[in-house]
Amino acid sequence: MRSVSFFIFAVSSLVTALLAREANGAVFGETKRLIDMANQRGPYVGIVIPNTFELNPLLNYPEYKPSKLIVDVDGRRFRFGSIGNKRVILVMTGLGMLNAGVTTQLLLSLFDIEGVVHYGIAGNANPSLNIGDVVIPHYWAHSALWSWQRYGNGPEYTLPLEDAGDYTRDIGHLNIASYSTDPLSDNFLNNIWYQPEEIFPADGTPEERQHVFWVPVEDRYFNVAKILDSLTLEGCLNATTCLSTPPKVTTVERGTSASIYLDNAAYRTFIFDKFNVSPIEMESAAVALISYQQRVPFIVIRALSDMAGGGEHSNEADTFINLAANNSVIVAVEFIKLLPSPRKIVSSVSI
């Protein structure tokens, strides 16, 4: 009886294992087959897009030619097609730095990618730029990695773990008391110190960290971007409502990202004065950081939808979001069409 029970148990366990294996294999196996088939046709330009209102204008753009191939992996949908003579893969990230980083890493880990194009809308911190303009920064930073200093300590005090190389005062800080409505008052929130990211490049030594604050766009891509300044962009919402200044395409020095929607005039002024940034948004630095670590060239194209709190009235994105999204697509498509033959470039790091 004991041997029969053991036999039944063993057979049941084997069948259960085989069924689970077959089920998992059927899903994974088909997905892997599609990925392998796609990579035989590569390389591709990976187009990383934050949200549906930025994705849909490209899906409907005449120069985007979709193929029948779609691959769904881990909650992300990878759409295949072409723009000009370039094969492309489109993928939407969702809101914020974490979603953008995870999606970009999946794209680069699964597929044969020659370069990454990231586009979308952004707030504007630069007083010399206007809503509707499309900006292409040379450098990107994640500006919400902080060491928040305890009350009573000033800039001359060493930060916790600074001596171990974990944190630094080299990049600078925001003194929150400087923005009090009472200039004579103090503020328990004290100072926040901006920190570089820890990165682990694909061609580096595993577990040996490097640091980077400003992630550079490689020169080949940035030089292509400079050719786009003569493009004509949308300037009107409809027949009666147009921007007061015709929108333009321009390269700028810096952009910044954080998982924060900025609609505050004081911080807008501070971040521009401190870092000379133009676009302020929520995903691009993550795309830049992942691409840089994987040694894949990238470009970020952002159309300005609002003044990030610096306007006279309510936030302008509610009005200009679709116009900005359309302009970012126009520029992204033209950039892709101008890309030369693929080759991988190792970028330099600036802090």
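Colleague: What is the volume of the largest pocket, and what makes a space a pocket and not a cavity?

Modeller: In this predicted model, the largest pocket holds about 360 Å³ of space. A pocket is an open set of points, whereas in a cavity a 1.4 Å probe fits but cannot get out. The space is listed as a pocket, so by that definition it counts as open.

Colleague: How do you know which residues line the largest pocket?

Modeller: A lining residue needs an atom within 4 Å of a point. For the largest pocket that gives 20 residues, with Trp146, Leu174, Leu262, Asn264 and Tyr267 nearest its centre. β7, β13, α5 and β14 each give two or more residues to that lining, and α5 gives the most, with 4.

Colleague: What makes residues of that lining nonpolar, polar or charged?

Modeller: It goes by residue type: Trp, Leu and Tyr count as nonpolar, while Asn falls among the polar ones because it is on neither the nonpolar nor the charged list. The lining comes out at 15 nonpolar, 4 polar and 1 charged. For the second largest pocket, about 250 Å³ in volume, the split is 13 nonpolar, 3 polar and 5 charged.

Colleague: Back to Leu174: why are β8 and β9 called paired?

Modeller: Pairing takes at least two bridges. β8 and β9 have 3, in the antiparallel sense, so they qualify. Leu174 has Ile192 in β9 as its bridge partner.

Colleague: And why are β7 and β8 called edge strands?

Modeller: The order in this open sheet is β7-β9-β8. β7 and β8 each pair on one side only, and that makes them the edges.

Terms used
Residues are numbered from 1 along each chain as its sequence is written. This is a predicted model: local features need pLDDT of at least 70, side-chain atom pairs count only at pLDDT 80 or more; totals for chains, interfaces and linings use all residues. Side-chain values use heavy atoms; hydrogens and water are left out. On a 1 Å grid over the protein atoms alone, a cavity is a set of points where a 1.4 Å probe fits but cannot get out, and a pocket is an open set with protein on both sides within 12 Å along at least five of seven lines; lining residues have an atom within 4 Å of a point. Grid points are joined across faces, edges and corners, and a volume is the space filled by probe spheres set on the points.
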